[in-house]
Amino acid sequence: MSATPGTSITLCPHGPLLVRGDFELLDAMGLTVDPRRGTVALCRCGGSLIKPFCDGTHKLLEFQAPDPTAARAPNIDDHPRSPT
Ligand code: FES
């Protein structure tokens with residue numbers, strides 16, 4: 001039996017990030033953004049007119065997300081400013 005995480009983030013193929021569970025959404029100033037629901041779709045194409053939320057524009061833009069299997073996931077330890 002596996003544990004259910006409190007929060008999950010799902011990368012939709014060529015679409016938004018779906019965030020489910022318990023989370024707090026903050027803007028660039030650190031102010032709380034009301035997600036209005038328990039699951040939100042966050043834009044990752046950059047085209048939404050209601051950022052940070054997805055408005056479906058990724059379909060019009062024919063957004064192509066990088067293939068997650070094409071390269072290994074970035075490792076924080078490889079970052080040049082990572083503490084050693
Ligand atoms: S991911 Fe949907 S509008 Fe950007």
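Let me open with E62, which counts as exposed because only 8 C-beta neighbours lie inside 10 Å of it, and a residue with 12 or fewer falls in that class. I should say at once that what we have here is a predicted model, and that E62 sits in the segment after α1. What draws me to this residue is its backbone, since phi of E62 is near 55°, a positive value in a residue other than glycine. As a reminder, most residues other than glycine have a negative phi, and most peptide bonds are trans.

With that in mind, let me step back to the protein chain as a whole, whose secondary structure comes to one helix and three strands, running β-β-β-α from the N terminus on. Of the 84 residues in the protein chain, 6% are buried. If we take the contacts with a separation of 6 or more, 24% of them are accounted for by residues 24 or more positions apart.

Now to the sheet. The three strands make an open sheet in the order β1-β2-β3, and the pairing is antiparallel. Its edge strands are β1, residues 7–11, and β3, residues 39–42, each of which pairs on one side only. On average, and with direction ignored, neighbouring strands of this sheet are turned by 20° against each other.

Within the sheet, β1 pairs with β2, which covers residues 17–21, in the antiparallel sense over five bridges. Along that pairing, T7 stands opposite G21 in β2, while I9 has V19 of β2 opposite. How many of the five residues of β1 are buried? The count is zero, and in that sense β1 is hardly covered.

The connection between these two strands deserves a moment, as β1 and β2 form a hairpin with five residues between them. In the loop between β1 and β2 we find H14, and here again phi is positive, about 55°, although H14 is not a glycine. Is H14 exposed or partly exposed? H14 is partly exposed, because 15 other C-beta atoms lie within 10 Å, which is over the limit of 12 for an exposed residue and under the 20 that a buried one needs. So we have two residues with a positive phi to look at, H14 in the turn of the hairpin and E62 in the segment after α1.

Let me move to the other edge of the sheet, where V40 lies in strand β3. V40 has 18 C-beta neighbours inside 10 Å and therefore counts as partly exposed. Which residues does V40 contact, once its neighbours within four places in sequence are left aside? They are V19, P35 and F53. For V19, which we have already met opposite I9, the C-alpha atom is separated from that of V40 by 5.3 Å, although the two residues are 21 residues apart along the chain.

Last, I would like to point to the stretch that follows β3. A cis peptide bond joins K51 and P52, with omega at about 15°, and P52 lies in the loop between β3 and α1, the helix of residues 57–61. Should you wish to go through the backbone yourselves, the places I would turn to are this bond between K51 and P52, the positive phi of H14 and the positive phi of E62.

How values were computed
Residues numbered from 1 in each chain as written. Predicted model: local features only at pLDDT ≥ 70, side-chain atom pairs only at ≥ 80, totals over all residues. Pairing = 2+ DSSP bridges. Helix = DSSP H or I, 4+ residues; strand = E, 2+ residues; numbered from the N terminus. Axes fitted to C-alpha atoms, helices over the stretch in contact; angles between N-to-C directions. Contact = placed C-beta atoms within 7 Å.
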